[in-house]
Amino acid sequence: MSSAGSFAPGPGAARGLHKAQVPRADAIVPRPPHSKRDPHLPDLRTSAGGGDALAMPTMAGPPLDAKVVSDPYPPIPASTSASRAAADKIGVLLLNLGGPESLDDVQPFLYNLFADPDIIRLPPSLAFLQPAIAGAISTLRAPQSCKGYSAIGGKSPLREITERQADVLERAIEGKGQACKVYVAMRYWHPYTEEAMEQIKRDGISRLVVLPLYPQFSISTSGSSLRLLQRLFEGDRFLAGLRHTVIPSWYQRPGYVNAMADLVWQEMAKFDSPEGVEVFFSAHGVPKSYVELAGDPYKEEMEECVGLIMAELRRRGVDNHHTLAYQSRVGPVEWLRPYTDQSIRKLAAEGVKKMLVVPISFVSEHIETLEEIDMEYRELAESQGVTDWRRVPALNTNPAFIDDLADAVLEALPFVGSLVGASNSIVPIGGIDTLLESYDRERESLPPPTNLMWKWGFTQSAELWNGRLAMVALAMILVMETSSGQVVTWKLWGRLKGWEDIVCSRKICLVSRLFDLALAALRDVADTEGASVQLGFMETAGDWLVVLAVSAPRAALRGSQPVPILLLTPGRFVCEGHPTPVPKYPLATPAMSKAMGMSPVLRPTKLLNQILPNCPVDSRRLRRSRTLCSTAAKSAGHEPEPPRDHQRPASQQGEEDPIRTFVIKNREAPRLTFAEAARTLVDGSVTGVLATHSSKGSDEGFPLSSVVEYVADSKGRPIFGISMLAKHTASLYRDGRCSLLVPENKSIALSDSRALLIGTVRAYDKEDAGDLREAYLAKMPQAFWVDFGDFRWFRMDDIVKATYAEDVRRNARTGKATAEEYLAASPDPVAQYRDSICSDLNKSATGGPVSAIIAKETTGLDVTNAEAYRVDSLGFDAMCTFSGRGPVNIRLPFPRRATTREDVEQMVEEMMGDAAVQTV
Ligand SMILES: C=CC1=C(C)c2cc3[nH]c(cc4nc(cc5[nH]c(cc1n2)c(C)c5CCC(=O)O)C(CCC(=O)O)=C4C)c(C)c3C=C
Ligand SMILES: [Fe+2]
């Protein structure tokens, strides 16, 4: 494990500094040198003693497996590790919270925590108050926190444990044949993230896997650290070019689930009898608004995690009742419920006498296990009549757990620097910036201060200037919020944006990750003749399952069978009436894993059998799933390529990657506005899905969707000629509020572009509907039925908003337009020629397909192939391969706006440069 040496923080560092170190909010003061790992701690590499040497007061955890101590890992084969390490220096960055190392550190540590905009979220207009608010709250809270830290020895054990975790993880990864260095990056105390990044630079790391030590993702933990990393990466040339990938959460990994189940199982055995023992999961809470307003997936992931551990325990015969509750609430706002203390009271009142507490949101012992659970909650439980109280130890350096983390890192390595993440898409693979950018897409302002960690009271310190300032600001916000019963600030300072996208973008991330995986696999096979990638999905009630199948002739996969790669997304997959919780992680067969240089740890057949016991999934079944995209590897121009490790010449490593730089910059290339794009789509189609409010029957009031035909009038307002016999017509008479979804293709697929108009329709009497009828029949002359007696006319006269989502699979941009913007926009004049122009662009010319020639001319990069798939008056989109890397979605803008097809043809010729002359 490496620790950072002396540190000169970059521009992003100021926010992380505690008050004592920051005389002014904008000043940047060098941090004290980061001390190396405590030399008094037993070194696992040499110690023969074993055991988790950090003697926690109540830790009954299993001793560190002797395997780890006595070098369980085989020697590193020279052909793999050594040669790879020579070409590439691999780093692993462990993200964690950090904790005070003495009682004097408590207030500055709290200051750093509350100065974090992902912990106290202020709107931009109040951001200047953050240091003052952090100062006030940390001062108010410090005495209470000091009591807690005093009770566990006057300091937090987090640093020691995390550094030991880093040590054994580094060892475990090396034991699996991959040389690497593991770094610790704390968010609020030493070794600070900035220090770790400085060390990474000094060590010349070229590929980095970022691994938060939080099993479940939360905006307030992993999200906050990633945001800090983003700032550091932005402000530093070396870091900006560092190839990296992030493992956002890993609670669903079988290795982790099993390790947790082992701990519970071992602790359960210590009760006289397991009968009547309540398995009580206690997670660190977050304010409810994080989940409900800001889309934090924390609660969902926590519940899924508990479900997986309980399922594993049941398999082992432990069938006890369990509860999940949330602890460590701070401040007056509502946090996730049920609260741990209330649940303890309730269970005790119901007669529960034996409780086994499982701390679940964190993997190390810390103040909240050692003090809050072991002391406060224990006392509470016993006062309520619980007679047998035990706690499961934290995982710390549990060998099975560390081994699984090592596998997670190795599995992530193929994605390091993946170009998919750097593409134009909102897919957050591979890079912190792209990951966070996708969360923040369209974000207009920071989320509101829905949580204020504030304790009411006038203390001496509150008389300080900054304290007074903070008090005033907090009081104002609180009064507004309590008097209205709502999150007033949210209304005042802008709509909540940003984090709520997280769930959606994470799903898209996973889909795309799979796609990349499959392409990587294809690249690695010697002969891709006839190979194809299929990305399919099956939808079940509200949830979805993404299936990715790679099929190839036997020989192509180096002797292995054609293999599927599967991704089962979160939620429940209902298959042949067997609802089963599913984990979410890409699964690969051992053969495929090997072909991709991944460790063959996940065994899909085993997992799938668990998941879908009565529904075996094989490649035939996968192919039968609805296919969204099918890419023939040959036609997509995938030449067999050198393995990823050799993609960039060594001389370039650590330097700026021109392809990546281009792809990032290319995101700003001109495109149609969302209003124009929506308007174009609505204008170019006559079929959509109309959602109304059902007006009668047992489904009264429920949303009712129907496929309808419509025609857009000259302003883009949809006109409907619909029969009185249809249920949606009655519904519209009762309540004109509706929405119309217009998909790009008639057979709607999840990946398709689509526009959505939301508004209120007006019913027109036949006599007044002359213009509507005329406009309708002008576009749909065959629709003679609109003159039947039961037909009525409606038009969406009052449009509230229009949204547009573009090609979720490749380009993946989404956004909305106001009614005014939508009505003022014009349909794109080139749209109607889109398919034929694309086909022209993909035709071969001397020197390759036209689009590839243009891509080469325009980017100046080594373009090996490009395939145009969308065109409008401002340019065209293509999937492009650079020196065998990619394919990446890029935008190739025209020199001027086209108004006709001829314009486009002329500009295409111009863009081809000399190649056009040769072709002609
Ligand atoms: C997954 C774990 C954690 C989440 C989620 C989380 C959110 C969160 N925390 C606070 C406020 C405080 N947290 C404090 C300590 C602390 N928090 C976590 C983990 C999560 N926090 C850990 C592991 C620790 C302990 C560190 C240690 O020193 O051992 C503290 C300081 C301790 C205290 O005074 O109680 C505060 C304050 C908020 C507001 C929040 C979500 C918005
Ligand atoms: Fe916390």
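## A tour from the ligand outward

The largest share of the shell around ligand 1, 4 residues, comes from α3. Before you click on, note that this is a predicted model, where local features need pLDDT of at least 70, side-chain atom pairs count only at pLDDT 80 or more, and totals for chains, interfaces and linings use all residues. Residues are numbered from 1 along each chain as its sequence is written, chains are lettered from A and ligands numbered from 1 in the order in which they are written, and side-chain values use heavy atoms, with hydrogens and water left out.

**Stop 1: the shell**

Select ligand 1 and show what is around it. You should get 32 residues, the closest being R141, S145, Y149, S156 and H284. A residue is in if one of its heavy atoms lies within 4 Å of the molecule.

Now colour the helices α3 (106–114), α4 (130–151), α7 (219–234) and α13 (367–383): each one supplies at least two shell residues. Helices here are DSSP runs of H or I, at least four residues, and strands are runs of E, at least two, numbered from the N terminus.

Try colouring the shell by type next. It splits into 19 nonpolar, 11 polar and 2 charged residues. For that split, Ala, Val, Leu, Ile, Met, Phe, Trp, Tyr, Cys and Pro count as nonpolar, Asp, Glu, Lys and Arg as charged, and the others, Gly among them, as polar.

**Stop 2: polar contacts**

Which atoms of ligand 1 do S145 and H284 reach with a polar side-chain atom? For S145 the partner is an oxygen atom, 2.4 Å away. For H284 pick a nitrogen atom of the ligand, at 3.0 Å. Then switch to backbone: an N or O atom of I367 lies 3.1 Å from a ligand oxygen atom. The cut-off for a polar contact with the ligand is a pair of N or O atoms within 3.5 Å.

Turn on the surface while you're here. Alone, ligand 1 would expose 800 Å², and the protein buries 97% of that (Shrake-Rupley areas, 1.4 Å probe).

**Stop 3: two cis prolines**

Jump to P191, in the loop between β2 (181–186) and α6 (193–203). The peptide bond leading into P191 from H190 is cis, with omega near -10 degrees.

Next, select P338, which is found in the loop between β6 (322–327) and α12 (340–349). Here the bond from R337 is cis too, with omega near 0 degrees.

**Stop 4: positive phi without glycine**

Stay in the loop between β6 and α12 and pick S328. S328 isn't a glycine, yet its phi is positive, about 60 degrees. At 7% relative accessibility, S328 counts as buried, a label that means under 20% relative accessible area (exposed is over 50%, partly exposed in between; 1.4 Å probe, protein chains only).

Then go to N396, in the loop between β8 (388–391) and α14 (399–412). This non-glycine residue also has a positive phi, about 45 degrees. Buried or exposed, what is N396? Buried, with a relative accessible area of 1%.

**Stop 5: two strands**

Select G688 in strand β15 (residues 687–693). G688 is buried at 3% relative accessible area. Draw a C-alpha distance from G688 to V708: 5.6 Å, with these positions 20 residues apart along the chain numbering.

Finish at V888 in strand β27 (residues 885–893). V888 is buried, at 1%. Its C-alpha is 8.1 Å from that of A878, which is 10 residues away along the chain.

Conventions
A polar contact is a pair of N or O atoms within 3.5 Å; within protein, one must be able to donate a hydrogen and the other to accept it, and residues adjacent in sequence count only if both atoms are side-chain atoms.
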